[in-house]
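Thanks for sharing this one with me. Here is my note, written to be read with the structure open beside it.

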Amino acid sequence: MSDRSGQLERNIGFLEAMTLGGGTMIGAGIFILPGIAAEGAGPASSISFVIAGFVALLAALSLSELATGMPVAGGSYHFVNRALGGFFGSIVGWGMWTGLMFASAFYMIGFGQYLVEPIPFLDGRALVILLGLIGLVLIVGVNYYGTEESSQLQNIMIGAETAIVLAYVALGLFFIDPANLDPFAPTGPSGIIATTGVVFVSFLGFEIIATVSGEVKNPSRNIPLAMILSVVLVTILYAFVMIVTTGVVQYETLGGSLVPVSDVAVVFMGSIGVVAIVAAAAIAAISSSNSSILAAARVNYAMGRDELMSDWLNVTHDRFGTPHRAIVATGAVTALLITAGLNIETIVALLAEVASFSFLVSYSLVHVALVVFRRADPEAYEPTFTIPDPLYPAVPILGVLFAVLVISQMAPIIILLGLGIVGLGVGWYFIYVRDHTIDTGLISDAVSPVSNPYRVVVPVANPETQGDLIRLAAATAHAHTDEGTPELVAVNVLQVADPSPQQNIEAERLEHQHDLLKAARDIAEEMDVHLRTVALNGERVDETILEAIIDEGADQVLLGWRGTLTRQGHVFGPNLDSVVEKAPCEVTLVTLHDETVGTPVALAGPGPHSPVAARRAVDFATVDGTMPTLLNVQRPMADGNADALKRGEAVIEDVAERAGLDPEEYESDVIVDDDIEAAILDTVNHYNTICVGLSERSEASRIMFGTIAERISQEATSNVGIVRGSGDDK
């Protein structure tokens, strides 16, 4: 794999996905947050966790549908960016990246606290921070080396910590003192909701599954199953942990503890239990931070891929296949956040709440993105999991309302910091993204859904000619408004040696691809035609283009062609013959010689594709607002030229009628000459653009050139369009 490949291998199975998601949730939060939660809501903090789990479940449902429709790296960021455009993509991208780094720093400080606090001869906040930094270095190294290795380590850690937590709950249920649970909600409903905002950071694991969805095997099954199941199971477990924790030790006592679960475990598990809890807490912190670093790097990587950050980040390691630059950048910023804990005593709660704020904002936009995708219904969006009809649109609506409710109960300083991160995303959009992104989102399609579009696919690859190709394709699409809403699909194909289905091919980019597609969009806007851009890769360019034509349901494909015949096993060329022969729609091959479309001329003859060539000349004429000409050449007749002219006019009228053209849409020109080919060549060179239909040789299975079309393509000095109709036109 080359250093610029931008591909991530699919090597995460269901078990690994569950441990990445569930492991992050059955992680550091379960050992660190009970004390903070108990202080905020007392025993009712169990309800806070249930509410947080419900909010997470709503987001998991929306994300499951989106992730199975677009299983690529980036998670919520990618979905929002695709649906709502670069502005909101910047907000969510920065929010997710910073949120995951805040969460990872929170976990690693907790890692240090659990190692230092229970051991008498260890002391000092500097040691807590040092141990957190050491753990972070280990995690960054594992992620740098490989996702598969990271996932295997995750499986081992999660299995060990889950066993200890289950033992803690099972034994602790027998030591609950009902008196400790009274009063159950000392701070009332507002305290419960406010605490929900603190503990929501514990439920980020399902997002991590979506973020690495580009690396998940069998994504249509494993992604929704792992996301929903992990949220439900962890919510139940957290509720029991809080009941046990606040039932064994009074919530007032827990509020001041840095290691609350350890303090509770000593009551009914003794010193051996404390050792087990400390070990589990350390493992949990490592596994949670590992998942967060893994996901944060993928967000960073995806933003580089989509031009929302420098493409310096959109690089995979030539040996390990990991986004190593994004991993190192994420680790460096996380280290700074951990170091901040030296001077800020409340850093643990602060980090947790800011991370929660960032993700609540992100999930609100994810729910909106789901509605946009549902309404716009883009061709490439085909989710294998969808929210059941009775739950839609209730799920996205409730998701937004609950997120706003939780945010509204957060402390003012947290809201201020969270809005600062949102402001960072907004500022970054205006400073950098606005001039780089090509994704405009699907909002306009969602507001006014495109129905029954007349769709023209135009492959682009050459910056020197693609502008003129886009203009011609846009003119053709726009000329067919009466047949459906005009839509242009600009396709760029990257040829690769081995496009394995186990790779995240959506991330593939040519260095100049952004410029090509951005220019295509600008030209389409000038022509007032709706444009979508599609980036593909494949082992064979012709097969990949054919797949795109079929997938898009194209009415026409317009292809650039050099105008030369190879005669070496091909007619038009290795990348064009198959498309011309097999495309289930109209095909136009264009050779560009002239700087302007000007006045087009179409040969009106008896061939099956002559009417399509006539229609194409009318389409092309709209570029410069000219009147096209339908040309027919006849040999002299015995009775004189008058009869030859009449016969020529009759042929033109017949072609125009079959093309569906009105007399006012074209001009007629009939020439009488003994040498038909010479007369055609002499006449058409007075026009800027020539449209000619292909003739077919019945004994051949593929489309072949006729003599006149061949000579025009080789000798004409004007633009040439070789036109083939669809099956219905033959």
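The points below go from the whole chain to single elements and residues.

1. Overall picture. Please keep in mind that this is a predicted model. The protein chain holds 25 helices and 10 strands. Of its 730 residues, 59% are buried. The accessible surface comes to about 27,500 Å², and carbon and sulfur atoms account for 58% of that. If we take the contacts between residues at least 6 apart in sequence, 83% of them join residues at least 24 apart.

2. The main core. The largest nonpolar core contains 148 residues, and those with the most contacts inside it are Phe31, Phe106, Tyr114, Tyr168, Phe200, Val201 and Phe206. Helix H12 (residues 260-305) supplies the largest share of this core, with 22 residues. Another core lies apart from it, with 41 residues, including Val541, Cys585, Ala679 and Leu694.

3. Tyr114. I would click on this residue early, as it is one of those with the most contacts inside the largest core. Which residues does Tyr114 touch, not counting residues up to four places away in sequence? The list is Phe31, Ile32, Leu258, Val259, Pro260, Val261, Ser262, Ile277, Val278 and Ala281.

4. Tyr77. This residue sits in helix H4 (residues 75-84). Tyr77 counts as buried because its relative accessibility is 0%, and the cut-off for burial is under 20%. Beyond its neighbours up to four places away in sequence, Tyr77 touches Gly89, Val92, Gly93, Met96, Val299, Ala302, Met303, Asp306 and Leu308. One of these partners, Val92, is 15 residues away in sequence, with the two C-alpha atoms 5.4 Å apart.

5. Helix H8. The helix runs over residues 188-199, and a rise of 1.5 Å a residue predicts a span of 16 Å for its 12 residues; the end C-alpha atoms are 17 Å apart, which agrees. Is H8 enclosed or open? It is largely enclosed by the rest of the structure, because 9 of its 12 residues are buried. The buried ones are Gly188, Gly191, Ile192, Ile193, Thr195, Thr196, Gly197, Val198 and Val199.

6. Strand E9. Here 5 of the 5 residues (689-693) are buried, so the strand is largely enclosed by the rest of the structure. Thr689, Cys691 and Gly693 point one way, while Ile690 and Val692 point the other way. In a regular strand, side chains alternate between the two faces of the sheet.

7. The partners of E9. Which strands pair with E9 in the parallel sense? One is strand E6 (residues 600-603), joined to E9 over 3 bridges, and another is strand E10 (residues 719-724), joined over 5 bridges. For a place to look, Pro600 has Thr689 of E9 as its bridge partner, and Val692 has Ile722 of E10.

8. Thr591. This residue belongs to strand E5 (residues 586-591). Its relative accessible area is 4%, so Thr591 is buried. The side chain of Thr591 reaches the backbone oxygen of Trp561 at 3.1 Å. Leaving aside neighbours within four places in sequence, Thr591 is in contact with Trp561, Arg562, Gly563, Ser718, Asn719 and Val720. Two of the residues in that list, Asn719 and Val720, fall within the range of E10 (residues 719-724).

Definitions and conventions
Residues are numbered from 1 along each chain as its sequence is written. This is a predicted model: local features need pLDDT of at least 70, side-chain atom pairs count only at pLDDT 80 or more; totals for chains, interfaces and linings use all residues. Side-chain values use heavy atoms; hydrogens and water are left out. A nonpolar core is a set of buried Ala, Val, Leu, Ile, Met, Phe, Trp, Tyr and Cys residues joined through side-chain atoms within 4.5 Å. Buried means under 20% relative accessible area, exposed over 50%, partly exposed in between (1.4 Å probe, protein chains only). Helices (H or I, at least four residues) and strands (E, at least two) are DSSP runs, numbered from the N terminus. Contact means heavy atoms within 4.5 Å. The expected span of a helix is 1.5 Å times one less than its number of residues. A polar contact is a pair of N or O atoms within 3.5 Å; within protein, one must be able to donate a hydrogen and the other to accept it, and residues adjacent in sequence count only if both atoms are side-chain atoms. Accessible areas come from the Shrake-Rupley method with a 1.4 Å probe; for residues, only the protein chains shown count as cover. Two strands pair if DSSP finds at least two bridges between them.
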